[in-house]
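Biologist: Let's zoom in on a single part of this model. Walk me through it closely, and then tell me how it sits in the rest of the assembly.

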There are 2 protein chains.
Amino acid sequence: MGVHNQPHAGLASRATLADVAKLAGVSGSTASLAFSGGSISSATRERVLTAARELNYSGPDPRARSLRQGRSGIVGVIIEDRVLNSFRDPMTLAALDGISQELGEGSGLLLLTATGDGESTIQSAVFDAAIFMGCSPHLARSIEIMRQRNVPMVAIEGQAFDGVLAVNIDNRHASAELAALVHTLGHRRLATVTLPLTSVRERAQLTDELVKTATTAVSLDRLLGARQVFANLGGIVAAGSSSDEGFAAGMELLSRPAEERPTAILAQSDLLAVGVIRAAEALALVVPRDVTVVGFDGARIEGFTDHDLTTVRQPATEKGRAAGSAVTALLAGETPGDVSLSSVLHVGSTSGPPAG
Amino acid sequence: MGVHNQPHAGLASRATLADVAKLAGVSGSTASLAFSGGSISSATRERVLTAARELNYSGPDPRARSLRQGRSGIVGVIIEDRVLNSFRDPMTLAALDGISQELGEGSGLLLLTATGDGESTIQSAVFDAAIFMGCSPHLARSIEIMRQRNVPMVAIEGQAFDGVLAVNIDNRHASAELAALVHTLGHRRLATVTLPLTSVRERAQLTDELVKTATTAVSLDRLLGARQVFANLGGIVAAGSSSDEGFAAGMELLSRPAEERPTAILAQSDLLAVGVIRAAEALALVVPRDVTVVGFDGARIEGFTDHDLTTVRQPATEKGRAAGSAVTALLAGETPGDVSLSSVLHVGSTSGPPAG
DNA sequence: CTGTTAGCGCTTTCAG
DNA sequence: CTGAAAGCGCTAACAG
């Protein structure tokens with residue numbers, strides 16, 4: 001004549017595994033096994049599951065489980081700009097997709113935005129490993145903390161950091177290759193449109209001071225690659241990777257008399273390049289007759305079908321997959337090395353010899 | 001006389017708050033306060049922090065904290081397609097950005113992909129509240145579980161579910177409005193290109209059977225809205241929201257003799273509409289003279305500048321923000337109601353009276 | 001196959 | 001302002 005554990009009319013408190021165990025007449029550990037798929041007789045399991053159903057218990061609390069196991073199954077993905085800006089860039093999105101593919105449905109991706117102000121979230125968030133999508137010096141403190149916590153870290157195209165596994169592409173080399181192509185075609189008066197060099201999102205003239213303060217590895221590498229061929233290459237720093245930015249920069253660079261105008265423009269992303277091409281066309285210039293425009297990325301851009309952009313195709317999804325598999329390996333206690341992926345030059349129809 | 005758990009010479013195991021407390025010569029609770037910003041004398045706090053530094057202790061373990069507090073600060077965002085497909089759609093990305101804006105840097109967004117196979121992750125992941133971005137019937141089980149767990153849920157443009165707060169836009173109404181506009185212009189032979197009706201990503205003829213099995217609320221609502229005006233409206237179900245899909249569908253619909261060809265096409269998204277327009281142009285048809293094309297969304301589409309698309313502008317970011325603030329309210333124990341946002345008709349240059 | 005026993009690392013009453 | 005005690009809910013040894 002046991003007092004049946006009348007659960008307060010199901011009001012506030014949820015049932016716990018212990019309650020279920022008691023109702024099923026088994027021990028806690030047995031009940032636990034029933035849920036984690038351990039080896040118990042199917043009769044017992046049935047009994048436990050029935051009890052659970054009765055109590056409206058729907059499985060172990062993830063919080064408790066993660067404390068106990070020391071694992072949450074969550075991988076943090078840290079971006080340094082707001083979500084919209086980050087993922088509007090097709091390469092970044094592709095990389096995220098690659099991560100997700102590799103990690104599988106088994107683990108969730110915790111999107112953490114570190115715009116630099118409060119580094120709090122990243123310190124107090126629950127995750128087992130972190131992937132930085134481009135990481136700049138001002139993450140140093142967070143990185144330090146995660147290192148202390150023994151959280152494996154991987155950076156996709158970020159600044160090199162001790163203890164952070166690097167997944168990179170050959171930005172500098174590929175950029176140099178592209179520049180060499182343009183040089184070979186005969187161009188000598190060039191300009192570039194770079195991606196932002198710092199976290200400041202503001203269009204600006206490309207100056208040496210700016211270059212010195214650069215914190216964005218990708219932009220800097222691409223610039224340095226191009227400068228291997230064109231030593232003092234100048235131009236404009238865009239406020240982001242969009243065709244609008246490219247357009248603005250293009251207008252600025254191309255609205256000059258033919259003798260001063262660059263005969264070729266190296267844009268650091270395809271979106272920028274598309275914008276530059278539109279600017280050229282708006283100025284009644286013909287590409288590539290009047291101006292050669294090359295990009296970087298190999299993005300399939302919606303609605304850009306008139307031209308076949310000369311560019312470098314980078315393995316974007318692959319970057320994500322590599323990062324994902326590095327994380328998996330690190331969590332398994334292995335010690336994988338840095339990853340370096342390579343891009344492929346694609347000569348399209350937007351490049352040609354200079355006029356005249 | 002308990003056996004003291006000797007932590008293997010500080011090798012693997014991290015220091016805990018208890019260790020710090022001991023070294024600082026204070027109690028655990030005091031040490032805790034030092035980190036959570038509770039009220040303790042600054043002398044004591046200093047002592048604790050120094051001890052922490054000495055032990056390489058970088059703050060409370062998020063897992064333990066979240067168990068103790070019953071809160072993790074994580075909001076789950078559930079999408080039903082792979083990351084790439086979901087966020088390539090500008091509206092979905094904008095909504096995600098809205099969520100992130102509203103929730104602030106304080107809380108992380110846990111991206112959970114529920115493609116229907118293993119519903120495991122969503123059940124075992126740590127989060128305090130969930131936001132579904134479009135949710136279909138096959139999430140029923142997960143929803144059931146979360147309800148049992150008392151996890152607040154919000155669905156952006158999903159199927160209605162008991163206990164899931166709905167954030168919707170006036171899909172049906174707006175679609176009807178658009179259809180009415182086309183009707184007023186004099187069109188009588190129409191076709192539509194819909195978004196996928198189910199999780200199957202495959203282009204298909206729009207049939208009644210398909211409509212009956214539809215699980216995607218958005219697509220269905222937009223279709224029903226249009227059918228309020230054009231009762232038996234037929235057409236094609238696209239495999240996704242992209243201009244490529246629109247192009248394929250457009251080719252299919254428009255490659256017919258003028259007498260059979262629809263004089264107007266209602267596309268369920270702007271990307272689809274752009275594709276349809278390209279198809280029309282590829283077939284040497286002039287928009288809107290030979291065919292009227294309208295979209296839905298109000299997306300700014302890269303590189304689509306020749307036309308001003310007739311469409312309906314939906315408050316995409318706003319959807320996300322509303323969901324975010326609903327989550328905040330729910331977590332605070334309030335009981336906010338469903339949210340319904342409205343779209344605005346935009347008459348551009350891609351619609352006009354039928355030829356002849 | 002099942003039960004007993006200890007905590008995971010932290011916060012939070014409750015006293016002093 | 002500080003300390004002592006009591007778990008949050010679960011799982012992992014280890015016995016039986």
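Modeller: Let's start at DNA strand C: 23 residues surround it, and the nearest are Thr44(A), Leu17(B), Ser29(B), Tyr57(B) and Arg68(B). "Near" here means that a residue has a heavy atom within 4 Å of the strand. Keep in mind that this is a predicted model, where local features need pLDDT of at least 70, side-chain atom pairs count only at pLDDT 80 or more, and totals for chains, interfaces and linings use all residues, while side-chain values use heavy atoms, with hydrogens and water left out. As for labels, residues are numbered from 1 along each chain as its sequence is written, and chains are lettered from A and ligands numbered from 1 in the order in which they are written.

Looking from the DNA side, 64% of the strand C atoms within 4 Å of the protein belong to sugar or phosphate, and the rest to bases. Some of the phosphate oxygens make polar contacts (N or O pairs within 3.5 Å). One sits 2.4 Å from a polar backbone atom of Leu17(B), and Ser41(A) also uses a polar backbone atom, at 2.9 Å. With Thr30(A), by contrast, a side-chain N or O atom is involved, at 3.0 Å.

On the protein side, the surface near strand C has seven nonpolar, 12 polar and four charged residues; Asp, Glu, Lys and Arg count as charged, Ala, Val, Leu, Ile, Met, Phe, Trp, Tyr, Cys and Pro as nonpolar, and the others, Gly among them, as polar. Helices α2 (28–36) and α4 (62–69) of chain A and of chain B each supply at least two of these residues. Helices are DSSP runs of H or I, at least four residues, and strands are runs of E, at least two, numbered from the N terminus.

So how do the two chains relate? Chain B lies on chain A with an RMSD of 0.2 Å after a turn of 180° and a shift of 0.0 Å along the axis, which means a two-fold axis. That superposition is by least squares on C-alpha atoms with pLDDT of at least 70 in both copies. Within chain B, Leu110(B) comes closest to the axis, its C-alpha at 2.1 Å.

The chains also share an open, mixed sheet of 12 strands, β12(A)-β5(A)-β4(A)-β3(A)-β1(A)-β2(A)-β2(B)-β1(B)-β3(B)-β4(B)-β5(B)-β12(B), where pairing takes at least two DSSP bridges. β12 (339–341) of chain A and of chain B stand at the edges with a single partner each, so one side of each has no neighbour in the sheet.

Note on methods. Polar contact = N/O pair within 3.5 Å; in protein donor to acceptor, adjacent residues only side chain to side chain.
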